[in-house]
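Subject: Structure handover

Hello,

Here is the structure for you to take over. My notes on it follow below.

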Amino acid sequence: GGGVAGAIYAKGGQKIQDECDMKVFENNGEFKNGSVIPTNSGKMKYKKIFHAVGPIYRNGNFGEEDDLRECFKNCFEKANENGYSISIPPISSGIFGYPKEECAEIFFSELEKFIIKEKKIKCKEIRLVIIDYKTFEVFKNVYLKHKNILEKLNKENKSDNHEEDNSNIDKKKDFYIKGINN
């Protein structure tokens, strides 16, 4: 009911909650951390909403890092397999208490792994959506640590000489630069 989930409900309406409740019921009342559950977007203009089940942070002693990695990975993969653009918040770093810097490290490392693994990126855009300045500053600083790796990855991939792949790679670079600076 709070945070991003509360904002989605307020904007999209009861239809989203009803569909989400139905999916939970169909799954015997449980989804494990790291799961991504798609629903329609209710009153909003989007094709789907991915409800990502992020972990509650309990001092890192209960597999929270693995669960958060799985959550981001599943979001990227599900958006890509359907060709959707995706807007994604810093999952679990709000009311679930995940340390923001660790969350940012996990986000960018999972994004790097996703780009390396995927032969063709079908999702047009991956947006990191942050609503508070403190979280933005943390993610920006972590991004700057990853920037050289991401640019190196971009150059290596451009050397493949595949025209279609290179156009995808250019979009990947645009994402990184635009995603943090705008």
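Ser 35 is buried in this predicted model, because its relative accessible area is 14% and the cut-off for buried is under 20%. The residue sits in the loop between α2 (14-26) and β1 (36-39). Its side chain reaches the backbone oxygen of Lys 32 at 2.8 Å. If neighbours within four places in sequence are set aside, the contacts of Ser 35 are His 51, Ala 52, Val 53 and Asn 74.

Now the overall layout. The protein has six helices and four strands, and from the N terminus the order of elements is α-α-β-β-α-β-α-β-α-α. Of its 182 residues, 37% are buried. Taking contacts between residues at least 6 apart in sequence, 63% join residues at least 24 apart. The accessible surface is about 11000 Å², and carbon and sulfur atoms account for 50% of that area.

Next, the nonpolar residues. In soluble globular proteins, nonpolar side chains tend to be buried together. The largest nonpolar core here holds 29 residues, and the members that touch the most others are Phe 72, Phe 76 and Phe 107. Two or more residues come from each of α3 (64-82), β3, α4, β4 (126-128) and α5 (133-158). The biggest contribution is that of α4, with eight residues. Not counting residues up to four places away in sequence, Phe 72 touches Ile 88, Pro 89, Ile 91, Cys 103, Ile 106, Phe 107 and Glu 110.

There is also nonpolar area on the surface: Ile 56, Ile 95 and Phe 96 make a patch of about 310 Å². Phe 96 belongs to the loop between β3 (86-88) and α4 (100-117). With a relative accessibility of 33%, Phe 96 is classed as partly exposed.

On to the charged residues. The count of salt bridges is eleven. In one of them, the side chains of Arg 69 and Glu 110 meet at 2.9 Å, N to O. Arg 69 is in helix α3 and Glu 110 in helix α4, so this pair ties together parts that lie 41 residues apart in sequence. Glu 110 is a buried residue, with a relative accessible area of 6%, and is also among the residues that Phe 72 touches.

Another salt bridge pairs Glu 70 with Lys 73, where the closest N and O atoms are 3.7 Å apart. Both residues are in helix α3, and their spacing of three residues is about one turn of the helix. Are these two buried or exposed? Neither term applies, because Glu 70 is partly exposed at 29% relative accessible area and Lys 73 is partly exposed at 27%. Salt bridges with shared partners join Glu 70, Lys 73, Glu 77, Lys 117 and Glu 118 into one network. Within this network, the side chains of Lys 117 and Glu 118 meet in a salt bridge at 4.0 Å, N to O.

To recap the points I would look up in the viewer: the buried Ser 35, the core members Phe 72, Phe 76 and Phe 107, the surface patch that includes Phe 96, and the salt bridge between Arg 69 and Glu 110.

Regards

Notes
Residues are numbered from 1 along each chain as its sequence is written. This is a predicted model: local features need pLDDT of at least 70, side-chain atom pairs count only at pLDDT 80 or more; totals for chains, interfaces and linings use all residues. Side-chain values use heavy atoms; hydrogens and water are left out. Buried means under 20% relative accessible area, exposed over 50%, partly exposed in between (1.4 Å probe, protein chains only). A polar contact is a pair of N or O atoms within 3.5 Å; within protein, one must be able to donate a hydrogen and the other to accept it, and residues adjacent in sequence count only if both atoms are side-chain atoms. Contact means heavy atoms within 4.5 Å. Accessible areas come from the Shrake-Rupley method with a 1.4 Å probe; for residues, only the protein chains shown count as cover. Patches are made of residues with over 30% relative accessible area and no salt bridge: like charges are joined within 9 Å, nonpolar side chains (Val, Leu, Ile, Met, Phe, Trp, Tyr) within 5 Å. A nonpolar core is a set of buried Ala, Val, Leu, Ile, Met, Phe, Trp, Tyr and Cys residues joined through side-chain atoms within 4.5 Å.
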